[in-house]
Amino acid sequence: MIELNQVSLEINGNHILEDISFTWNSNETICLLGKNGSGKTSLALLIAGILSPDSGEIKIDGKPLEEVDEIDLRKNIGIIFQDPDNQFITQDVESEIAFGLENFNIPEDEMQKIVEETITDFGLVEIRHRNPFILSGGEKQITAIASILSMNTKFIIFDEVTTFLDNPYQEKIHQIWASQKGKKGLIIITQNFEEVYYADRLLLMENGKIIFDGKTDEVLNRGIIATDGIILRKLLKKEGIEIERYKKPDDVVDEILKYANSKKH
Ligand SMILES: Nc1ncnc2c1ncn2[C@@H]1O[C@H](COP(=O)(O)OP(=O)(O)O)[C@@H](O)[C@H]1O
Ligand SMILES: [Mg+2]
């Protein structure tokens, strides 16, 4: 379990995150929503131990994050970003998968086995010897995700990983989420509200604060999101009615906000 207790972050005197408290269980899928600049990536970097909070505490299985050594941290939490180029270190896909594992003191033969399984499972056989930097956007992102998943961490954060991808690769990533759901703690940061369906719980951020924390079903049952989501669109399409993919992500955030406020009063 990961716990955040009144966590705040300042950069150059600006309050980036303020008084963030929540827990994240290792079998729970959370969708983190919010407008651009609301603090989602900053929060992800704190949880992954890449940034340190100015105040408050983050604990993993009861232990303060700053007391966890780097290797243990990487064994516990993986993070994947929107732009996988930031993540690649080696010159070919195969080494990229092996790289993360090399820090973990796994016997060589076992490591080889994990690399082979990962390459097969993620459909990377044909590109295993290519340079990750020259792959297509989708191939890059699948390689980045495969290399993190090969490490078998307890928790994974996906920070807008599908944003720039074509549909087939988005679907591939959705399948990965579906297969990992319940087995690991997942945080899905997204601007695509159709991806909310993969989560048990929604956290909504605004101006560095969490302003809504609730179960996905609760929000869906209110009709929020569903009116813009894929299920309704498919049903309507059967009836010969085509609707836009979604209006604008910000409009949907506003809808959830209205709901969050209505609950407060
Ligand atoms: N390295 C940085 N230096 C200064 N300001 C930053 C830095 N990183 C993020 N910010 C600011 O922090 C706020 C939150 O950014 P971010 O966490 O990237 O939000 P999101 O991921 O929700 O778009 C924004 O106002 C952004 O301008
Ligand atoms: Mg971001």
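**A walk from helix α4 to the sheet and the core**

Gly 123 sits just after helix α4 and takes a positive phi of about 65 degrees. This is a predicted model, and α4 is a good place to start reading it.

Helix α4 covers residues 108-121. Its length can be checked. At 1.5 Å a residue, its 14 residues should span 20 Å. The end C-alpha atoms are 20 Å apart, which agrees.

Next, look at the sides of this helix. Val 115, Thr 118 and Ile 119 are buried in α4. Seen down the helix axis, the buried residues fall within an arc of 100 degrees, so they line one face of α4. An α-helix has 3.6 residues a turn, so residues three or four places apart point the same way. What do the buried residues of α4 pack against? Their partners are α3 (93-102) and α5 (137-149). The other side of α4 holds exposed residues: Asp 109, Glu 110, Lys 113, Glu 117 and Thr 120.

Now turn to the sheet. It is open, has six strands and shows mixed pairing. Reading across, the order is β6-β7-β8-β3-β9-β10. Which strands stand at the edges? They are β6 (77-80) and β10. Each has a single partner strand, so one side of each is left without a neighbour in the sheet. From one strand to the next, the twist averages 15 degrees.

Begin at the β6 edge. Here β6 pairs with β7 (residues 155-159) in the parallel sense, over four bridges. One of the residues to find is Ile 77, whose bridge partner in β7 is Phe 155.

Then cross to the β10 edge. Strand β9 (residues 201-206) and strand β10 (residues 209-215) pair in the antiparallel sense, over six bridges. Leu 204 stands opposite Phe 212 in β10. The two strands form a hairpin with two residues between them. In this hairpin, Asn 207 takes a positive phi near 45 degrees.

Last comes the core. The largest nonpolar core has 59 residues. Those touching the most other members are Ile 47, Ile 145, Phe 158, Ile 187, Ile 188 and Leu 202. Which element gives the most to this core? That is α5, with six residues. Helix α5 has come up before, as one of the elements that the buried residues of α4 pack against.

Phe 158 deserves a separate look. Leaving aside residues up to four places away in sequence, Phe 158 touches Ile 80, Leu 186, Ile 187, Ile 188 and Ile 189.

Key
Residues numbered from 1 in each chain as written. Chains lettered and ligands numbered in written order. Predicted model: local features only at pLDDT ≥ 70, side-chain atom pairs only at ≥ 80, totals over all residues. Pairing = 2+ DSSP bridges. Axes fitted to C-alpha atoms, helices over the stretch in contact; angles between N-to-C directions. Expected span 1.5 Å × (residues − 1). Buried ≥ 20, exposed ≤ 12 C-beta atoms within 10 Å, placed from the backbone. Arc of directions from axis to C-beta. Contact = placed C-beta atoms within 7 Å. Core = buried A, V, L, I, M, F, W, Y, C linked by C-beta atoms within 7 Å.
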